[in-house]
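Let's take a quick walk through this model, from one of its helices to its cores and then out to a partly open spot.

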Amino acid sequence: MNEKEQMETQELVRLAAEGDKGALEQLLTGVQDLVFNLSLRMLGTIHDAEDASQEILIRVMTNLASFRGESAFTTWVFRIAVNHLKNYRKSMFAQHPLSFEYYGEDIVSGREKDIPDLTMGVDRNLLEQELKLSCTNVMLQCLDTDSRCIYILGTMFRVDSRLAAEILEISPEAYRQRLSRIKKKMAGFLDEYCGLSGKGVCSCSKRISYAIATHRVNPEKPEYTSLEENTEFLQECKTAMEEIDDRSLVFSSLPAYRTTKAARQYLDEFLKSDCYSIISNA
């Protein structure tokens with residue numbers, strides 16, 4: 001962000017903090033895709049990401065007066081989102097934690113061989129893509145919360161170590177070291193199990209019906225392939241590029257999405273509601 005854009009953002013923040021609804025709406029809609037994509041990777045399901053995104057945007061709104069412009073507004077929002085998501089306990093995977101051991105055992109169990117065709121005539125290529133997008137988000141849940149956050153910042157968002165350290169409130173060296181260790185751990189799992197890495201034993205195409213049977217994929221209502229992609233989002237979020245190993249590209253090549261229609265509608269309705277008036281005047 002150049003100096004002019006930073007000054008314009010600070011002016012919007014000032015106006016929003018003083019109760020200017022138009023300025024507030026511009027700020028929140030400007031960061032809602034960032035918040036949704038981060039929430040989706042951190043929590044693993046679209047429904048949980050929608051709920052968390054709404055809570056984060058309200059936190060951003062109610063804390064605008066504390067923004068001092070010492071960092072970019074998006075960095076400030078990132079920090080609020082990261083802190084909220086690291087302590088989020090309402091998501092499905094917070095209630096039912098995953099591990100690499102459990103996920104790997106499920107892959108090699110062979111249970112998919114006993115499942116009949118459940119595709120209901122839906123295009124298998126579409127369902128395979130749906131499973132791929134779901135599986136990669138679910139796989140991230142095998143990492144502990146701090147490691148998951150570091151890995152997501154380093155692979156999907158490709159945040160440089162200085163900025164990531166600022167967001168996570170650790171030193172750049174600590175961030176780089178932890179990211180390197182987490183990449184090695186994820187690479188080991190991908191090499192052994194994930195076919196997308198070019199080495200693993202798992203094949204999305206062979207597990208479609210099993211995914212349907214275990215409610216991972218809904219052929220009547222595919223979630224990921226119905227989301228609207230945001231092709232400009234990642235470029236807007238990358239403040240610097242860093243070298244990423246080939247296996248990490250399984251995650252960094254995932255599409256970025258626009259906030260879901262339900263989440264956008266929530267924001268629109270909230271800004272028109274009595275709740276907004278109460279909170280903004282508090």
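The bend at a residue is the angle between axes fitted to the seven residues ending there and the seven starting there. Helices here are DSSP runs of H or I, at least four residues long, numbered from the N terminus. By that yardstick, α2 bends by about 40° at valine 31. This is a predicted model, so to speak of local features takes pLDDT of at least 70, side-chain atom pairs count only at pLDDT 80 or more, and totals for chains, interfaces and linings use all residues. Residues are numbered from 1 along each chain as its sequence is written, and side-chain values use heavy atoms, with hydrogens and water left out.Here are the two ends of α2:

| Place | Residue | Value |
|---|---|---|
| Start of α2 | Aspartate 20 | side-chain oxygen within 3.0 Å of the backbone nitrogen of glycine 22 |
| After α2 | Glycine 44 | positive phi, near 90° |

Of the 23 residues of α2, 17 are buried (under 20% relative accessible area with a 1.4 Å probe, protein chains only; exposed is over 50%, partly exposed in between), so the helix is largely enclosed by the rest of the structure.

On to the cores, meaning sets of buried Ala, Val, Leu, Ile, Met, Phe, Trp, Tyr and Cys residues joined through side-chain atoms within 4.5 Å. The largest has 64 residues, and Leu38, Val60, Leu64, Phe73, Met139 and Leu153 have the most contacts inside it. Helix α2 (residues 21-43) gives the largest share, 10 residues. A separate second core of eight residues includes Ile46 and Tyr257.

Contact means heavy atoms within 4.5 Å. Beyond four places in sequence, Leu64 touches residues including Val13, Leu24 and Trp76.

Arginine 59 sits in helix α3 (residues 46-62) and counts as partly exposed, at 41% relative accessibility. Setting aside neighbours within four places in sequence, arginine 59 contacts Ile80 and His84.

Methods. Helices (H or I, at least four residues) and strands (E, at least two) are DSSP runs, numbered from the N terminus. A polar contact is a pair of N or O atoms within 3.5 Å; within protein, one must be able to donate a hydrogen and the other to accept it, and residues adjacent in sequence count only if both atoms are side-chain atoms.
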